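The following exercises concern strand pairing, a ligand shell and a nonpolar core. Each task is followed by a worked solution.

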Amino acid sequence: MSGSKQTIAAEVDPDGRMELIAVGEQAGHGASVDFRRVTLRGISSQPLVRACGDRGRLLDATAGLGGDSWILAAAGFSVTAVERSPLVFRVLSDGVDRAKADSRLLAIASRIELRQANAWDVLQSSSESWATIYLDPMYPPKPGSALAPKPIRLVRDAVGDDLDSSALFLAAVAAKWDRIVVKRPHHAEPLYAEPDVVFKSKLVRYDVYVREGSSLRAFRPKANS
Ligand SMILES: C[S@@+](CC[C@H](N)C(=O)[O-])C[C@H]1O[C@@H](n2cnc3c(N)ncnc32)[C@H](O)[C@@H]1O
């Protein structure tokens, strides 16, 4: 499970947006969600979008501040975005609500359904099936690497490391899906199993597991045991 450091709050910034902020820091210096800033030119060729495959029902099991959910919704996926941290969820849902109030963003925002939940519980539901299950759990920073951007540091301080990400992967394997996509830093091992296909971007890679002919078939009994 993740270990919260309890030093992060969700508060309203001077512009009326919810922000994730270190306790004691000046308002307006945290991380809020503003989807107007996201550049969408050429998104179909982004490795994230290509990795996630055919447009369909996509479960973003680790939504965080929703950057990836937004890109995937803009690319045409119907996204169910699940975030378990109440603090992170408040900031995310504030951003999606503001997008829904903006006529230029409404169409994309309407393709995102938010759920505050442990995705593990969502994956237990036998009545739901997914074209794609997307996982982007926290991973430990590489020693000596550049400081992560502030929003990532704030989310990390709010939720800790996602030490149960392998269990989440196995819950995904046991659910109904056509493909599972896991975002990993280049230096990290695959979350659990060797992927069928890998899409690389400059900073990260996307490990893709596909149902037909997938090496994951061998793991199914283990996942269900
Ligand atoms: C690295 S961040 C995701 C960043 C996100 N992809 C984005 O674009 O902003 C990981 C997030 O997943 C959430 N998370 C991890 N395990 C989860 C689970 N089992 N259920 C729901 N949320 C989870 C964490 O609380 C954290 O906010």
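Two strands pair if DSSP finds at least two bridges between them. Helices (H or I, at least four residues) and strands (E, at least two) are DSSP runs, numbered from the N terminus. The model is predicted: local features need pLDDT of at least 70 and side-chain atom pairs count only at pLDDT 80 or more, while totals for chains, interfaces and linings use all residues. Residues are numbered from 1 along each chain as its sequence is written.

**Exercise 1.** Determine how strand β10 is paired with β8 and with β9.

*Solution.* Begin with β8 (residues 176-185), which runs antiparallel to β10 (residues 204-210) and is joined to it by 7 bridges. In this pairing, Ile180 stands opposite Tyr209 of β10. Next, take β9 (residues 197-200): 4 bridges join β9 to β10, again in the antiparallel sense. Here Val197 faces Val208 in β10. Finally, the connection between β9 and β10 is a hairpin through 3 residues.

**Exercise 2.** Identify the edge strands of the open sheet β1-β2-β3 and the helix that packs on the sheet.

*Solution.* The 3 strands lie in the order β1-β2-β3, with antiparallel pairing. β1 (8-12) and β3 (31-32) each have a single partner strand, so they stand at the edges and one side of each is left without a neighbour in the sheet. α3 packs on the sheet and touches β1, β2 and β3; the direction of α3 makes about 145° with that of β2 (axes are lines fitted to C-alpha atoms, for helices over the stretch in contact, and angles run from 0 to 180 degrees between N-to-C directions). As for the pairing of β1 with β2 (residues 18-22), it extends over 5 bridges, and Ala10 stands opposite Leu20 in β2.

**Exercise 3.** Describe the shell around the ligand by residue and by class.

*Solution.* The ligand is surrounded by 22 residues (C-beta atom, placed from the backbone, within 6 Å of the molecule). The closest are Thr62, Gly64, Gly67, Arg84 and Ala119. At least two shell residues come from each of α2 (67-74), β5 (78-83), α5 (119-124) and α6 (150-159). By class, 11 are nonpolar (Ala, Val, Leu, Ile, Met, Phe, Trp, Tyr, Cys and Pro), 5 charged (Asp, Glu, Lys and Arg) and 6 polar (the others, Gly among them).

**Exercise 4.** Which residues are in contact with Ala172, leaving aside its neighbours within four places in sequence?

*Solution.* With contact defined as C-beta atoms, placed from the backbone, within 7 Å, Ala172 is in contact with Ala61, Leu123, Ile133, Leu135, Trp177 and Ile180.

Notes. Contact = placed C-beta atoms within 7 Å.
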